[in-house]
Amino acid sequence: MDHENQIPQEKEAVPKRSLWPLFFLPMALLYHEMLLHIFDRTILFWDMPLVYILLFSAAIGFLLSALVDLLPRKAAHVITYVLCIFWTVLTCIEYCCKSYFKTYWGLSFITQMTGNVVGNFFTTMVEIILGRIVFILLAFVPLIALIIFRRHLLPGKALRGRTRLIALAVFLVCQAAGSALCYTGDDRADYTYNYVTDYAVPRFGLAATIRLEAQYALVGLPDAPLIEVAEPEPDPEPVVYDYNKMELDFTATSDLVGGSTLENMHKYFSSKTASQKNEYTGMFAGKNLIQITAEAFSPYVISRELTPTLYKLTHEGFVFTNYYQPGWGQSTTGGEFAHMTGIIPTWVNGNLSFYASHQDYMPFALGNQFRALGYTTVAYHNNSYTYYNRHLTHPNLGYDYYGQGNGLNITGPGWPYSDLEMMELTAPAYIEDYVQNGKPFHAYYMTFSGHYQYNWDNAMSAKNRAAVEDLPYSDPVKAYIACNLELEYALEYLVQRLEEAGIADKTCIVLTNDHYPY
């Protein structure tokens with residue numbers, strides 16, 4: 001055999017063992033957290049949240065790196081890319097939500113709303129992205145680095161067992177330190193029983209927020225600490241007015257199902273003295289009620305010249321000047337929930353309050369209250385009827401609900417749809433029923449014409465542009481006033497129909513906003 005003519009076989013390349021893949025995910029997570037932290041102008045940079053972010057980013061990053069290293073190499077490479085892409089996109093979405101809506105959104109809320117947003121707000125979504133392109137480009141830096149330096153950053157030869165143990169130890173130490181600081185410091189409430197995404201992201205970081213959301217979705221929020229309450233004080237004497245009391249047996253806690261939270265609520269409410277009635281109590285008994293949640297409404301729209309109907313309502317009726325619409329972080333559905341139920345919206349195991357309530361017993365909602373009195377109770381919205389799951393929430397509050405695509409057909413001139421046309425299509429029916437049959441009514445409206453964006457591409461702004469052309473304001477302000485004129489025209493039409501039917505003095509109109517103008 002001629003050994004000299006044999007061609008030596010090349011050995012198969014063995015991937016090198018490197019620590020760069022171990023550090024890539026922690027560094028990428030921390031980069032995105034810091035980017036979000038820097039661009040969020042509402043929070044201080046050098047503050048306790050920076051400590052939380054460093055600890056929790058290191059914890060989840062090293063845990064993910066150690067777990068990914070256990071996979072076969074091809075699978076480890078794919079998962080590394082998937083994690084990097086997912087986190088990049090999520091960071092961009094959260095920044096867009098915060099800078100546009102002024103609130104961070106939970107992952108479950110984002111996934112629930114994706115279809116509705118793409119279907120109904122695609123143009124707006126594109127404008128939001130283009131207006132935040134600098135942040136988005138910066139957010140893609142780790143992914144670009146992973147693609148360019150993949151030979152160094154993707155998992156190569158499996159890590160030694162000792163290295164994995166060190167990575168897990170870093171995870172445990174950082175996670176324990178971060179949690180201990182949160183549980184024992186001033187942020188304990190927001191980290192546990194008062195958890196809300198909008199507070200959690202700037203305080204604890206996005207990674208910790210996603211973990212908390214998943215944790216509380218599985219096991220529920222921790223119980224709030226028990227409140228020490230004094231024995232209820234006796235009713236003062238003499239009583240000029242009666243008290244707003246119901247015959248409730250607050251002592252029957254043994255039959256309740258719900259644990260310490262429900263019992264604590266029982267104890268708390270039983271300790272409170274009922275509010276006293278006054279000279280306004282019963283003033284509107286027997287009247288019809290039209291309740292309006294106005295999209296992004298602001299009192300700065302109102303003027304004697306441009307909005308005479310709104311001006312009349314706010315100068316001849318009750319105006320609650322000490323009323324504020326808080327920024328509680330649930331956009332339209334939060335404000336609508338508060339207006340329709342009188343309850344402050346929060347997050348219930350990762351779900352919006354309104355959506356979470358759709359399977360609950362809601363006897364004190366006005367729809368259920370008025371329906372029990374024999375009223376016609378109807379609710380309307382001039383946008384997609386399924387948006388925010390109103391087709392589930394509003395019937396549960398006691399309304400026959402109609403929206404675009406479900407018994408309400410708004411034809412034009414475009415998006416956002418006309419409040420005036422909604423009123424023209426709906427008000428005559430219940431007014432006529434009252435006049436002809438004596439059937440009292442409670443009608444609820446969620447308007448839409450005042451919706452962002454405030455430019456001349458907004459169909460309602462364009463429709464009413466001539467009325468605001470000479471105002472001494474910038475185009476966005478003029479566009480905002482113009483689209484809200486559609487609400488003015490809707491109210492003008494409504495009042496005219498009530499007056500023509502002779503029942504204006506038998507009808508109460510209540511209006512508030514869902515949130516501030518974005």
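**A walk through the model**

Welcome! Start by selecting strand E1, residues 288-294: both of its faces are covered, with Asn-288, Ile-290, Ile-292 and Ala-294 buried on one side and Leu-289, Gln-291 and Thr-293 buried on the other. Keep in mind as you look around that this is a predicted model.

**Neighbours of E1**

Stay with E1 and add strand E8, residues 507-513; the two run parallel and are joined by seven bridges. To see one pairing, pick Ile-290, whose bridge partner in E8 is Ile-509. Now add strand E7, residues 441-446, which also runs parallel to E1 and is joined to it by five bridges. Here, look for Leu-289, which stands opposite His-442 of E7.

**Just past E1**

Next, select Ala-296, in the loop between E1 and helix H14 (308-316). Its phi is positive, near 55°, although the residue is not a glycine. Is Ala-296 buried or exposed? Ala-296 is buried, with a relative accessible area of 0%.

**A helix on the inside**

Move on to helix H15, residues 331-341. Eleven of its eleven residues are buried, so the helix is largely enclosed by the rest of the structure. Among the buried residues you can click on are Phe-337, His-339 and Met-340. Right after H15 comes Gly-342, with a positive phi near 75°.

**Two helices that cross**

Now show helix H3 (residues 73-101) together with helix H12 (residues 206-219). Their axes come within 12 Å and cross at roughly 95°. An angle from 65 to 115 degrees counts as roughly perpendicular, and H3 and H12 are therefore roughly perpendicular to each other. Which residues of H3 meet H12? Turn on the side chains of Trp-87, Leu-90, Thr-91 and Glu-94 in H3, which meet Leu-206, Ala-207 and Ile-210 in H12. The residues of this contact divide into five nonpolar, one polar and one charged.

Follow the chain on from H3 to Lys-102, in the loop between H3 and helix H4 (107-120). Lys-102 has a positive phi near 65°, and it is a residue other than glycine. Lys-102 is partly exposed, with a relative accessible area of 43%.

**Two cis peptide bonds**

For the last stops, zoom in on the backbone. The bond from Trp-415 to Pro-416 is cis, with omega near -5°; Pro-416 is in the loop between strand E6 (407-408) and helix H19 (419-437). Then go to Tyr-452 and Gln-453, which are joined by a cis peptide bond with omega about 10°. Gln-453 lies in the loop between E7 and helix H20 (459-463).

Note on methods: Residues numbered from 1 in each chain as written. Predicted model: local features only at pLDDT ≥ 70, side-chain atom pairs only at ≥ 80, totals over all residues. Heavy atoms only, no water. Buried < 20%, exposed > 50% of the residue type's maximum accessible area, 1.4 Å probe, protein only. Helix = DSSP H or I, 4+ residues; strand = E, 2+ residues; numbered from the N terminus. Pairing = 2+ DSSP bridges. Axes fitted to C-alpha atoms, helices over the stretch in contact; angles between N-to-C directions. Parallel < 35°, antiparallel > 145°, perpendicular 65-115°, else oblique. Contact = heavy atoms within 4.5 Å. Nonpolar A, V, L, I, M, F, W, Y, C, P; charged D, E, K, R; others polar.
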